[in-house]
Amino acid sequence: MVIFWQIATFAEYLENVTFMTALFDEATARSAIVFTKMHGAGNDYIYIDCTQSMPDRPEELAVEMASRHFGVGGDGIVLICPSEVADLKMRMFNSDGSEGKMCGNASRCIALYAANHGLADSDTINLETLSGVKVLLINRNADGTIRDVTVDMGKPETTASLVPAKAQTEQMIDYPLCVDGVTLSVTAVSMGNPHCVVFVDRLEDVDFFRLGPMLETHEAFPERANVEFVEVVDRDHVKVRVWERGSGETLACGTGACAVAVAGNLTERTGDNVKVSLRGGDLSIAIDPATGHVLMTGPAEEVFSGVYHRKH
């Protein structure tokens with residue numbers, strides 16, 4: 001905004017300076033975004049309370065704020081919104097601006113944020129996501145402090161066409177997939193978003209930065225896929241490295257940990273309860289044999305809060 005004016009007297013000059021200052025203060029206030037940086041096992045997002053107002057162009061905002069060098073830095077942004085069908089609604093945008101349907105680590109962080117900032121009056125929170133309403137349960141220590149959060153992630157989807165994944169079989173379980181001349185055995189699972197799980201002998205031997213993006217964008221996954229490389233320690237413990245759709249490598253992925261547990265269970269590599277060790281920490285995944293629901297338990301932590309001034 002550019003404004004020109006003619007100055008007749010010093011009093012008029014002061015009046016115009018006051019007017020312009022008010023305009024710039026208003027513009028600054030409009031561009032200012034209050035945020036809280038949080039992470040779940042190292043999967044870090046920038047959280048914005050949108051219960052009163054919503055920033056415009058969130059896709060562009062995600063790219064801008066999530067930049068590790070020119071913004072706040074994170075795997076993306078998460079908008080905490082009002083909901084007509086649940087206590088709160090989550091919208092999450094990856095660092096490339098694409099909108100994700102579900103994020104397990106982010107949902108746990110929302111539970112912590114809601115408890116700490118007066119957005120919830122119960123330790124059980126219903127959260128609306130693009131993949132349905134998820135139930136969050138805050139677990140407390142004896143002194144009342146929050147220990148961790150359990151999320152009922154619902155039932156997994158393993159029908160290939162619904163993941164979605166393209167296969168010659170109804171399910172893509174230990175399915176041979178050719179990637180750059182190499183045949184990998186992959187399992188496709190949806191936890192509200194598509195996952196490609198690859199079991200390997202040793203994580204250290206995986207050509208991660210070559211195979212991760214190639215599997216994410218493989219023609220077998222029409223909506224792209226999150227990719228998990230998994231080393232089985234024993235039936236109760238696996239180690240995982242994650243290439244996340246729209247973000248690249250992340251230190252943890254909640255839906256990915258659940259997909260790994262489901263894939264391990266389907267292929268009889270793991271049991272109903274498994275510790276998933278990711279680069280950012282451990283998550284506990286349980287498959288309820290009675291309901292088929294996947295329950296994820298793990299940490300959530302607030303790192304810092306601030307005010308971000310939009311560049312555009």
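Glu 99 sits in the partly exposed class in this predicted model, with a relative accessibility of 30%. Its side chain meets that of Arg 91 in a salt bridge, with 2.9 Å from N to O. Arg 91 is partly exposed too, though at 21% that label is a close call, because buried means under 20%. So neither partner in this pair counts as buried.

Things look a bit different for Asp 75 and Arg 68. These two side chains also form a salt bridge, at 3.0 Å from N to O, but here the carboxylate partner is tucked away: Asp 75 is buried, at just 4% relative accessible area. Arg 68, on the other hand, comes out as partly exposed at 48%, which falls short of exposed because that class starts over 50%. The pair doesn't stand alone, either. Arg 68 and Asp 75 belong to a salt-bridge network that also takes in Lys 37 and Asp 44.

A similar split turns up between Lys 239 and Glu 231, whose side chains meet in a salt bridge with an N to O distance of 3.8 Å. That still makes the cut, because the limit is 4 Å. Glu 231 is the buried member, at 13% relative accessibility, while Lys 239 reaches 30% and is partly exposed.

How many salt bridges does a search of the whole structure find? The count comes to 18, with the Arg 91 to Glu 99, Asp 75 to Arg 68 and Lys 239 to Glu 231 pairs among them. As for the general idea, side chains of opposite charge can pair when their charged atoms come close.

Technical notes:
Residues are numbered from 1 along each chain as its sequence is written. This is a predicted model: local features need pLDDT of at least 70, side-chain atom pairs count only at pLDDT 80 or more; totals for chains, interfaces and linings use all residues. Side-chain values use heavy atoms; hydrogens and water are left out. Buried means under 20% relative accessible area, exposed over 50%, partly exposed in between (1.4 Å probe, protein chains only).
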